[in-house]
Amino acid sequence: MTVTPAKLTPERAPGDRLSDDLGWGLAVVFRAYVKAADAVTDGIPGGHRGYQVLAAAARDEPGSQAAMAGRLGIDRTVMTYLLDDLEAADLVARQPDPADRRSRRVVATEHGRVILADREARFTRAEQHLLAALAPEDQVTFRALLRTLATHANAQDPVATACDAIIDLTARASV
């Protein structure tokens with residue numbers, strides 16, 4: 001699908017250059033998404049990160065705590081505390097790995113699966129609300145373009161965890 005600039009550019013006041021700024025646009029959309037995600041994940045320990053762990057525990061092959069931390073980009077120490085909280089809320093359980101008794105697999109509990117199904121439905125509604133300004137075919141295009149940009153950006157400057165991102169930013173600031 002070809003999207004014309006007229007279709008994408010809303011009316012703006014003369015001299016308004018901010019609306020063409022990539023950083024401004026990304027920041028506004030990101031803030032709206034974070035606000036919606038916070039509302040959807042309210043009550044889940046760890047908020048959005050806790051939701052991601054729960055989703056991975058329910059959807060993926062049961063994996064080790066360390067493997068899940070790496071896959072989700074969560075520092076291993078942070079993952080331990082997050083799993084403690086999710087386990088206390090009866091959303092996930094750590095089970096011995098039959099292939100390696102030194103390792104623990106993370107799996108969603110039945111209660112966790114019920115909570116996850118509810119939150120997935122709520123996320124769908126929140127995302128539909130956020131993307132409502134786009135026609136359905138443009139929403140598909142937007143998601144595809146975003147995935148392409150995110151994959152490219154991550155390949156150019158990969159950061160494994162949020163903690164690594166802070167270390168990276170701190171190192172760049174001191175140069």
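Trainee: What is the bridge partner of Gly63 in β3?

Mentor: Val106 is the bridge partner of Gly63. Note that this is a predicted model, in which local features need pLDDT of at least 70 and side-chain atom pairs count only at pLDDT 80 or more, while totals for chains, interfaces and linings use all residues. Residues are numbered from 1 along each chain as its sequence is written, and side-chain values use heavy atoms, with hydrogens and water left out.

Trainee: What makes β1 and strand β3 (residues 100-108) a pair?

Mentor: Two strands pair if DSSP finds at least two bridges between them. β1 and β3 have two bridges, in the antiparallel sense, so they meet the condition. Strands of a sheet pair through backbone hydrogen bonds, either parallel or antiparallel.

Trainee: Why are β1 and β2 called edge strands?

Mentor: The open sheet has three strands in the order β1-β3-β2, with antiparallel pairing. β1 (63-64) and β2 (92-97) each pair on one side only.

Trainee: How do you know that β1 counts as a strand?

Mentor: Strands are DSSP runs of E with at least two residues, and helices are runs of H or I with at least four; both are numbered from the N terminus. β1 covers 63-64, so it reaches the minimum for a strand. In total the protein has eight helices and three strands.

Trainee: Which residues make up the helix that packs on the sheet, and which strands does it touch?

Mentor: That is helix α5, residues 76-88, and it touches β2 and β3. Its direction makes about 115° with that of β2; such angles run from 0 to 180 degrees between N-to-C directions, with axes as lines fitted to C-alpha atoms, for helices over the stretch in contact.

Trainee: Why is Arg119 called buried?

Mentor: Buried means under 20% relative accessible area, exposed means over 50%, and partly exposed lies in between (1.4 Å probe, protein chains only). Arg119 has 9%, so it is buried. Arg119 is found in helix α6. Leaving aside neighbours within four places in sequence, Arg119 is in contact (heavy atoms within 4.5 Å) with Val40, Thr41, Asp42, Gly43, Ile44 and Tyr51. Across the protein, buried residues make up 25% of the 175 residues.

Trainee: Why is the link between Asp100 and Arg102 called a salt bridge?

Mentor: A salt bridge is a side-chain nitrogen of Lys or Arg within 4 Å of a carboxyl oxygen of Asp or Glu. The closest N and O atoms of Asp100 and Arg102 are 3.0 Å apart, so the pair qualifies. Side chains of opposite charge can pair when their charged atoms come close.

Trainee: Are Asp100 and Arg102 buried or exposed?

Mentor: Asp100 has a relative accessible area of 25% and is partly exposed. Arg102, at 74%, counts as exposed.

Trainee: How do you know that Asp118 and Arg122 form a salt bridge?

Mentor: Their closest N and O atoms are 3.6 Å apart, so the pair is within the limit for a salt bridge. Asp118 and Arg122 are four residues apart in helix α6 (residues 110-130), which means a separation of about one helical turn.

Trainee: Which parts of the chain do Glu127 and Arg143 link?

Mentor: Glu127 and Arg143 meet in a salt bridge of 3.0 Å, N to O. The pair links distant parts of the chain: Glu127 is in helix α6 and Arg143 in helix α7 (residues 136-156), 16 residues apart.

Trainee: How many salt bridges does a search of the whole structure find?

Mentor: The search finds seven. Asp84, Glu87 and Arg94 are linked in a network of salt bridges.
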